Amino acid sequence: LRKRKTAKKGVESFLPKGSGWNQRWFTVEVIKTHNEDENEDLDNKSNLVLCYYNTRTSLEPKGWVSLEDVIAIMPIISSKFEFLVCTTRRDYFLRTKYAIQYNMWIAGLKSLCNMPLEERIEWPKCLGPIPTTYSS
């Protein structure tokens, strides 16, 4: 079962993704999962994920990545406002239009993944405090 809950304000936007640079709506969400083989205490788990949708109003994601599977988030120095999200299964090339989005995504994702920030990347102060955990 899946219930869409968007994470902290600011950690969502349109981003071009991949080799064809298809524009997708990205957001950090909590996905509720149900596993019938586990005991009752573990039946409903919350998992922080990076989801991407065809449009902002799409109800079902085109895909998603558990933040637990993210092993690196790296700026692509040779390209303006592009960064790489590396997971245990595949890599996601993402691009933003503006520096504020670029900083928001890298700083926000690294914070949620408990990764250190580079000195040149800062969470945009206009978005309030940097997200460190999910809050509804």
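This briefing covers the overall make-up of the chain, its helix, one strand hairpin and two residues with unusual backbone angles. The model is predicted. The chain holds one helix and eight strands, arranged along the sequence as β-β-β-β-β-β-β-β-α. Of its 136 residues, 46% are buried.

**Chain as a whole**

- The accessible surface of the chain is about 8,300 Å², and carbon and sulfur atoms account for 50% of that area.
- Taking the contacts between residues at least 6 apart in sequence, 42% join residues at least 24 apart.

**Helix 1**

- Helix 1 covers residues 99-112 and comes after the eight strands in the order of the chain.
- Its 14 residues should span 20 Å at 1.5 Å a residue, and the C-alpha atoms at its ends are 20 Å apart, so the expected and computed spans agree.
- Twelve of the 14 residues in helix 1 are buried, which means that the rest of the structure largely encloses this helix.
- The buried residues of helix 1 include the apolar side chains of Met104, Trp105, Ile106, Leu109 and Leu112; Gln101, Asn103, Lys110 and Ser111 are also among them.
- An α-helix has 3.6 residues a turn, so residues three or four places apart point the same way.

**Strands 7 and 8**

- Strand 7 (82-87) and strand 8 (residues 91-95) form a hairpin, with three residues between them.
- The two strands run antiparallel and are joined by five bridges.
- Within this pairing, Cys86 stands opposite Asp91 of strand 8.
- Side chains alternate along strand 8: Tyr92 and Leu94 point to one face and are buried, while Asp91, Phe93 and Arg95 point to the other face and are not buried.
- Asp91 therefore appears in two roles here, as the residue opposite Cys86 and as a member of the face of strand 8 that is not buried.

**Residues with positive phi**

- Most residues other than glycine have a negative phi.
- Phe81 is not a glycine, yet its phi is positive, at about 60°.
- Phe81 lies in the loop between strand 6 (70-75) and strand 7 (82-87).
- With a relative accessible area of 19%, Phe81 falls under the 20% cut-off and so counts as buried.
- Asn114, also not a glycine, has a positive phi of about 55°.
- Asn114 is located in the segment after helix 1.
- The relative accessibility of Asn114 is 68%, which is over 50%, so this residue counts as exposed.

How values were computed: Residues are numbered from 1 along each chain as its sequence is written. This is a predicted model: local features need pLDDT of at least 70, side-chain atom pairs count only at pLDDT 80 or more; totals for chains, interfaces and linings use all residues. Side-chain values use heavy atoms; hydrogens and water are left out. Helices (H or I, at least four residues) and strands (E, at least two) are DSSP runs, numbered from the N terminus. Buried means under 20% relative accessible area, exposed over 50%, partly exposed in between (1.4 Å probe, protein chains only). Two strands pair if DSSP finds at least two bridges between them. Contact means heavy atoms within 4.5 Å. Accessible areas come from the Shrake-Rupley method with a 1.4 Å probe; for residues, only the protein chains shown count as cover. The expected span of a helix is 1.5 Å times one less than its number of residues.
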